Amino acid sequence: MNSVDFLSTNKDITYEIRTEIKRLGRPIPDLIIYKTVVGKSRNYSRNFNSSVYDRFKWLCGCPKRNKLFCFICLVMGGNRSAWTQEGSYLCVNVHERLRNK
């Protein structure tokens, strides 16, 4: 019930269901996100680190899509955005990008 797939496809969620979703908590799976960044002198590897969930309490993940989403936006049915529909697979400067959300 608190999965990203359920939340992104069910827009008319009742108060009771929202309360149960809040009780269950946000999904915070270990995602397999890997990116290689080409630098001037060498290549850099970036991996997803699940500690990002501790720093950004609104963040949740979807192992099926292998992306990050805004849990509060999904539960409350906010505006359609990358954080509610497409997800994000940020690997480079993730803390800086999330801080600007």
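**Figure 1. The largest nonpolar core of this predicted model has 11 residues.** Its members are Leu 31, Ile 33, Phe 48, Val 52, Tyr 53, Phe 56, Trp 58, Leu 59, Leu 68, Cys 70 and Trp 83. Two elements, α3 (52-55) and β4, each give two or more residues to this core. A second, separate core has 10 residues, among them Val 4, Cys 62, Leu 74 and Val 75. As background, nonpolar side chains tend to be buried together in soluble globular proteins.

**Figure 2. Two aromatic pairs are found in the structure.** How are the rings of Phe 48 and Tyr 53 arranged? Their centres are 5.7 Å apart and their planes stand at 65 degrees, so this pair is edge-to-face. Phe 48 and Tyr 53 are buried, and both belong to the largest nonpolar core. Now for the other pair: the ring centres of Phe 56 and Trp 58 lie 6.2 Å apart, with planes at 70 degrees, so this pair is edge-to-face too. Phe 56 and Trp 58 are both buried, and the largest core includes them as well.

**Figure 3. Strands β3 and β4 form an antiparallel pair.** Strand β3 covers residues 59-62 and strand β4 covers residues 67-70, with four bridges between them. If you are tracing the pairing, look for Cys 60, which stands opposite Phe 69 in β4. The hairpin has four residues between its strands.

**Figure 4. Asn 66 sits in the loop between β3 and β4.** What is the sign of phi at Asn 66? It is positive, at about 60 degrees, although Asn 66 is not a glycine. Is Asn 66 buried, partly exposed or exposed? Its relative accessible area is 26%, which makes Asn 66 partly exposed.

**Figure 5. Cysteines without a disulfide are the topic of this last view.** A disulfide is a covalent bond between the sulfur atoms of two cysteines. How many disulfides does a search of the whole structure find? The count is zero. For Cys 62, the closest cysteine sulfur is that of Cys 60, at 8.2 Å, which is too far for a bond, given that a disulfide needs the sulfur atoms within 2.5 Å. Cys 62 has a relative accessibility of 4% and therefore counts as buried; this residue belongs to the second core. Cys 70 also counts as buried, because its relative accessibility is 3%, and this cysteine is one of the residues of the largest core.

Technical notes:
Residues are numbered from 1 along each chain as its sequence is written. This is a predicted model: local features need pLDDT of at least 70, side-chain atom pairs count only at pLDDT 80 or more; totals for chains, interfaces and linings use all residues. Side-chain values use heavy atoms; hydrogens and water are left out. Two strands pair if DSSP finds at least two bridges between them. Buried means under 20% relative accessible area, exposed over 50%, partly exposed in between (1.4 Å probe, protein chains only). A nonpolar core is a set of buried Ala, Val, Leu, Ile, Met, Phe, Trp, Tyr and Cys residues joined through side-chain atoms within 4.5 Å. Rings of Phe, Tyr and Trp (its six-membered ring) pair if their centres lie within 6.5 Å; planes under 30 degrees apart count as stacked, over 60 as edge-to-face and the rest as tilted.
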